[in-house]
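This report covers the fold, one helix and one surface patch of a single chain. Please read it alongside the sequence and coordinates.

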Amino acid sequence: MTYERQKVDAPRSAGMALRVLVNLAEFPLTRGLIARIMLPKVGITDMRKTPAQASSVFRVPNSLPSSGTEDPLTVAQNFPLPPEGFPLETAADFVEAYKSGRTTPTAVAQRLLEA
């Protein structure tokens, strides 16, 4: 999946104008009006209409039941793996890539900076 940046036609605010805009957005009587104007301009309305094609969230339990005396490595190995075809890279993917020599932490950081 590639990310295509969309042009956002939204006003730029700073200083006093930003303070006034924030106050209007937070004030109960003007909140709805500001939302009806701003949300479509920045693409939030369209984003809300877009159906999700696949889950982008894989929830790992906070902790597995343990006696507290188990080896942490054993506990970690018992955590569930992401489902097959999971769209995002996991920490396990990076560890495997580092171990196999396919990439380095420096290369990953460079890729992030170039994105």
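What span should the 14 residues of helix H2 have at 1.5 Å a residue, and how far apart are its end C-alpha atoms? The model is a predicted one. Helix H2 covers residues 28-41, and its expected span is 20 Å. The expected span is 1.5 Å times one less than the number of residues. In the model the end C-alpha atoms of H2 lie 21 Å apart, which agrees with that expectation. H2 also has a bend of about 30°, located at Ile 34. Just after H2 comes Gly 43, whose phi is positive, at about 90°.

For the chain as a whole, the secondary structure consists of 6 helices and 0 strands. Along the sequence this reads as α-α-α-α-α-α. Some totals for the chain follow.

| Quantity | Value |
|---|---|
| Residues of the chain that count as buried | 5% of 115 residues |
| Accessible surface of the chain | about 10,400 Å² |
| Part of that surface belonging to carbon and sulfur atoms | 59% |
| Contacts with a separation of 6 or more that join residues 24 or more positions apart | 34% |

One patch on the surface is nonpolar: Met 16, Val 20 and Leu 24 form it, and together they have about 270 Å² of accessible area. Val 20 belongs to helix H1, which runs over residues 15-26. An α-helix has 3.6 residues a turn, so residues three or four places apart point the same way.

Is Val 20 buried, exposed or partly exposed? Val 20 is partly exposed, because its relative accessible area is 41%, and this class lies between the cut-offs of 20% and 50%.

Key: Residues are numbered from 1 along each chain as its sequence is written. This is a predicted model: local features need pLDDT of at least 70, side-chain atom pairs count only at pLDDT 80 or more; totals for chains, interfaces and linings use all residues. Side-chain values use heavy atoms; hydrogens and water are left out. Patches are made of residues with over 30% relative accessible area and no salt bridge: like charges are joined within 9 Å, nonpolar side chains (Val, Leu, Ile, Met, Phe, Trp, Tyr) within 5 Å. Accessible areas come from the Shrake-Rupley method with a 1.4 Å probe; for residues, only the protein chains shown count as cover. A salt bridge is a side-chain nitrogen of Lys or Arg within 4 Å of a carboxyl oxygen of Asp or Glu. Helices (H or I, at least four residues) and strands (E, at least two) are DSSP runs, numbered from the N terminus. Buried means under 20% relative accessible area, exposed over 50%, partly exposed in between (1.4 Å probe, protein chains only). Contact means heavy atoms within 4.5 Å. The bend at a residue is the angle between axes fitted to the seven residues ending there and the seven starting there.
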